[in-house]
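Could you walk me through this model in my viewer, one selection at a time? I would like to know what to pick next and what I will find there.

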Amino acid sequence: MSGGSAESSPSSRRNSFNSLSRDLELPSEQGCLSIVVLGASGDLAKKKTFPALYHLFDQGFLQSGEVHIFGYARTNLSDDGLRERIRGYLKGASEEHLSEFLQLIKYVSGSYDNGEGFEKLDKEISKYEASYKSGSYRRLFYLALPPSVYPSVCKMIRTYCMNPSSHPGWTRVIVEKPFGRDLDSAEELSSQLGELFEEHQLYRIDHYLGKELVQNLLVLRFANRLFLPLWNRDNIDNVQIVFREDFGTEGRGGYFDQYGIIRDIIQNHLLQVFCLVAMEKPVSLKPEHIRDEKVKVLQSVNAIKCEEVVLGQYDGYKDDPTVPNDSNTPTFASVVLRVHNERWEGVPFILKAGKALNSRKAEIRVQFKDVPGDIFKCKKQGRNEFVIRLQPSEAMYMKLTVKKPGLEMATEQSELDLSYGMRYQNVKIPEAYERLILDTIRGDQQHFVRRDELKAAWQIFTPLLHDIDAGKLKAVPYQPGSRGPKEADELSARVGYVQTHGYIWIPPTLA
């Protein structure tokens, strides 16, 4: 029999959301909500932003009587033109419900550095707000745009589109990664945005912080007595945080070559997961208390050693005509972080990411130390591991040594397994963007990157990135469809990781 309750109704989900808002001391707000998607005609908007808004509407978190959605881009489109462009990406409800959502969307065309378009946008928003005689006027701007236009767009928003001061409410801005290329460019961007908006108005989105299993990390660590005495250097030998894709850049080589796998994945997504694995217990669940602890652990990371870095580039990457023939941009990287504090001194954190590998997954693998006094002579079978699989097939499992069934006293590796597809069969796991947009609406910043956190993250990786850009570290070739460079496995073994041979975790099925 499966666990988990049946999917709840929209009204019960709204009640649960309002209850959590009270627990976190977030103000309960009523009135009209204007959501503006800038870059509305682009891929990110149609594949992620609009579907997330639609799912929030479908679940009752956005009500047709209080929300209106505005698309803004340079493309010359009508309201119906935008609706038709995104219709095919909105799945999971009746045609009637879909049509109701699409009617909430209006489109405004204009440039990103000229006031005329933004004046027109403000006029459309104000026209909608004028129909509300009470409550607050809330304006949320989602920048589904390249960072190069953030300063000009934010200046236009600040000049022409702010929530009217004569009425209660707020203006909030969501910005997408990458937040700069290194420490200096990130600080310059932060300064430019900081001159226009207060920190509480800026929401730097990293969609990994909206993933279900990532959000479970704080609960696992601090709500279970089992882990409290184990989560330290006395018991844990090493931690791996891994991101693997089984495809290459697929026509995006020119764009990817400007950034590389460290800037694209490790410095943001994997480092955010690292923070939640390694941080100390916050005073409370208030956003600032959680983000304070993330900053502290980032500031405790030692300088990265070149001998604890492996870079790779898959064969065929430079066949893309948009990639320079002499490119040294890594499509694979394994980087060891060392935390200089009482809890983690001596424990390597291996952050590993790559493209064109032999599998697709993202996971956290916490490997424990060997059992002292191995009376069962089972050390060679492998160590205990606690694995949190972030995607696909969300799960967490504890790898254990157990007695093999039978008359002999023989041991084997097995697992205690919580697979979400089995345990929560009737529960819809929300997409990361749904959760993070909802957090922005309610003013909860705990899953967004604060300015000092961003600075601390870039301070860790900027020296390494500058060495790579200068050609001081070279990417070694590896075959597409492989595990990556053999040097990466050698590095993991050198810092203490023991690979288990002969054991493969298989996601359970109903069959």
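Here is a tour that goes from the core to the charged pairs and ends at the surface.

**The core.** Keep in mind that this is a predicted model. Begin by selecting Phe50, Leu143, Phe274, Leu337, Phe349 and Phe461: within the largest nonpolar core, which has 152 residues, these touch the most other members. Next, colour helix 10, residues 260-278, which gives the most to this core, with 12 residues. Now centre on Phe274 and show what surrounds it. Setting aside neighbours within four places in sequence, Phe274 is in contact with Ile241, Val297, Leu298, Val301, Leu337, Val339 and Phe349. Another core lies apart from the big display you have just built; it has five residues, among them Val387, Ala395, Tyr503 and Trp505.

**Aromatic rings.** The structure holds 18 aromatic pairs. For one of them, select Tyr255 and Tyr259: their rings are tilted, with 5.2 Å centre to centre and 50 degrees between the planes. Switch on a surface and compare the two partners: Tyr255 is partly exposed at 37% relative accessible area, whereas Tyr259 is buried at 17%. Then pick Phe256, Tyr314, Tyr317, Phe332 and Tyr478, which form one aromatic cluster.

**Charged pairs.** There are 35 salt bridges in the structure. Select Lys294 and Glu453, whose side chains meet in one of 3.0 Å, N to O. This pair links distant parts of the chain, with Lys294 in helix 11 (residues 287-299) and Glu453 in helix 14 (residues 451-469), 159 residues apart. Are these two partners buried or exposed? Lys294 is buried, with a relative accessible area of 1%, and Glu453 is buried too, at 0%.

Move on to Arg383 and Asp370, a salt bridge with its closest N and O atoms 3.0 Å apart. Both residues lie in the loop between strand 11 (361-368) and strand 12 (385-391), so the bridge ties together parts that are 13 residues apart in sequence. Here Arg383 is buried at 10%, while Asp370 is partly exposed at 31%.

Now try Arg483 and Asp489, which meet in a salt bridge of 2.8 Å, N to O. Arg483 is partly exposed at 36%, and so is Asp489 at 28%. Add Glu288, Arg291, Asp292, Arg450 and Asp452 to see one network, joined by salt bridges that share partners.

**The surface.** Finish with Ile375, Phe376 and Met409, which make a nonpolar surface patch of about 380 Å². Zoom in on Met409, found in the loop between strand 13 (395-403) and strand 14 (411-419); Met409 is exposed, with a relative accessible area of 60%.

Technical notes. Residues numbered from 1 in each chain as written. Predicted model: local features only at pLDDT ≥ 70, side-chain atom pairs only at ≥ 80, totals over all residues. Heavy atoms only, no water. Patch = residues over 30% accessible without salt bridge, like charges linked within 9 Å, V, L, I, M, F, W, Y side chains within 5 Å. Areas by Shrake-Rupley, 256 points an atom, 1.4 Å probe, with all protein chains shown as cover. Salt bridge = Lys/Arg side-chain N within 4 Å of Asp/Glu carboxyl O. Helix = DSSP H or I, 4+ residues; strand = E, 2+ residues; numbered from the N terminus. Buried < 20%, exposed > 50% of the residue type's maximum accessible area, 1.4 Å probe, protein only. Core = buried A, V, L, I, M, F, W, Y, C linked by side-chain atoms within 4.5 Å. Contact = heavy atoms within 4.5 Å. Phe/Tyr/Trp six-rings, centres within 6.5 Å; stacked < 30°, edge-to-face > 60°.
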